[in-house]
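Subject: Structure for your review

Dear colleague,

Please find below the structure I am handing over to you. My notes on what was found in it follow.

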Amino acid sequence: MLFRSMVTERMWARHLSPARFGEPAEAARRIFAGISGEIPICLSHLGLERDRALAEACPELPLILGGHSHTPLDQPLRVGDTVITQNAPYGATLTRVTLVLDGTNVRVADVRLVEMKLKAG
């Protein structure tokens, strides 16, 4: 599997990544063109609306693990065959995704938000 993050020049997270991307769908297509035999999964900090636009523009993406908009999705959003997930803000939840792999084909079998509980002490 190939995990790539989508960080744009306007984002604070640009300080954490040496990679710079312009328009997300254009960058994703450029990345996908250079890979074969990998399953592309996007780790995004674009926000839910831009994740939705990315899924529409790049139907070959089976999964977008999104953030930024602080829009927790109890049920994943599906755009065509792409599944989009979002966590609650500030680490309150994480997303557990079960994938079924068959060669270079992937199917998202299950997506669950898991509440994180901090231990005192």
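**The nonpolar cores**

The largest nonpolar core has 15 residues, and those touching the most other members are Phe32, Leu54, Cys58, Leu61, Ile64 and Ile84. Two elements, helix 1 (24-33) and helix 2 (48-57), give two or more residues to this core. The largest contribution, four residues, comes from helix 1. Please bear in mind throughout that this is a predicted model.

Leu54 illustrates how this core is put together. Leaving out residues up to four places away in sequence, Leu54 touches Pro24, Ala25, Ala28, Cys42, Leu46, Leu61 and Ile64. Separate from this is a second core of five residues, among them Ile41, Val83, Val108 and Val111.

**Overall organisation**

The protein chain contains two helices and seven strands. Read from the N terminus, the order of its elements is β-α-β-α-β-β-β-β-β. Of its 121 residues, 36% are buried. Among contacts with a separation of 6 or more, 38% join residues 24 or more positions apart. The exposed area of the protein chain is about 7,600 Å², of which carbon and sulfur atoms supply 53%.

**Helix 1**

Which residues of helix 1 are buried? They are Pro24, Ala25, Ala27, Ala28, Ile31 and Phe32. Viewed down the helix axis, the buried residues of helix 1 fall within an arc of 160°, and they therefore line one face of the helix. The general geometry is familiar: an α-helix has 3.6 residues a turn, so residues three or four places apart point the same way. At the start of helix 1, a side-chain oxygen of Glu23 comes to within 3.1 Å of the backbone nitrogen of Ala25.

**Strand 5: Thr82 and Val83**

Two residues of strand 5 deserve a description of their own. Thr82 is found in this strand, and its relative accessibility of 0% is why it counts as buried. A polar atom of the Thr82 side chain lies 2.5 Å from the backbone oxygen of Leu61. Not counting residues up to four places away in sequence, Thr82 touches Ala55, Cys58, Pro59, Leu61, Pro62, Leu63, Ile64 and Leu77. That list includes Cys58, Leu61 and Ile64, which are also among the residues touching the most other members of the largest core.

Val83 is likewise found in strand 5, which spans residues 82-86. Is Val83 buried or exposed? Val83 counts as buried because its relative accessibility is 1%, below the 20% cut-off for that class. With residues up to four places away in sequence set aside, Val83 touches Pro62, Leu63, Ile64, Pro76, Leu77, Arg78, Val108 and Val111. Of these contacts, Val108 and Val111 belong with Val83 to the second core. Pro62 is 21 residues from Val83 along the chain, and their C-alpha atoms are separated by 6.1 Å.

**Ser44 in strand 2**

Ser44 lies in strand 2, residues 40-44. The relative accessibility of Ser44 is 5%, so it counts as buried. Its side chain reaches the backbone nitrogen of Leu46 at 3.0 Å. Apart from neighbours within four places in sequence, Ser44 is in contact with Asp51, Ile64, Leu65, Gly66 and Gly67.

**Leu101 in strand 6**

Strand 6 (residues 93-102) holds Leu101. With a relative accessibility of 47%, Leu101 counts as partly exposed. The C-alpha atoms of Leu101 and Ile39 are separated by 9.2 Å, with their positions 62 residues apart along the chain.

**Backbone angles in two loops**

Which residues other than glycine have a positive phi? Two examples are His70, with phi of about 55°, and Tyr90, with phi near 60°. His70 is found in the loop between strand 3 (63-66) and strand 4 (77-79), where it counts as partly exposed at 38% relative accessibility. Tyr90 is found in the loop between strand 5 and strand 6 and is exposed, with a relative accessible area of 77%.

Yours sincerely

Key. Residues numbered from 1 in each chain as written. Predicted model: local features only at pLDDT ≥ 70, side-chain atom pairs only at ≥ 80, totals over all residues. Heavy atoms only, no water. Buried < 20%, exposed > 50% of the residue type's maximum accessible area, 1.4 Å probe, protein only. Contact = heavy atoms within 4.5 Å. Core = buried A, V, L, I, M, F, W, Y, C linked by side-chain atoms within 4.5 Å. Arc of directions from axis to C-beta. Polar contact = N/O pair within 3.5 Å; in protein donor to acceptor, adjacent residues only side chain to side chain. Areas by Shrake-Rupley, 256 points an atom, 1.4 Å probe, with all protein chains shown as cover.
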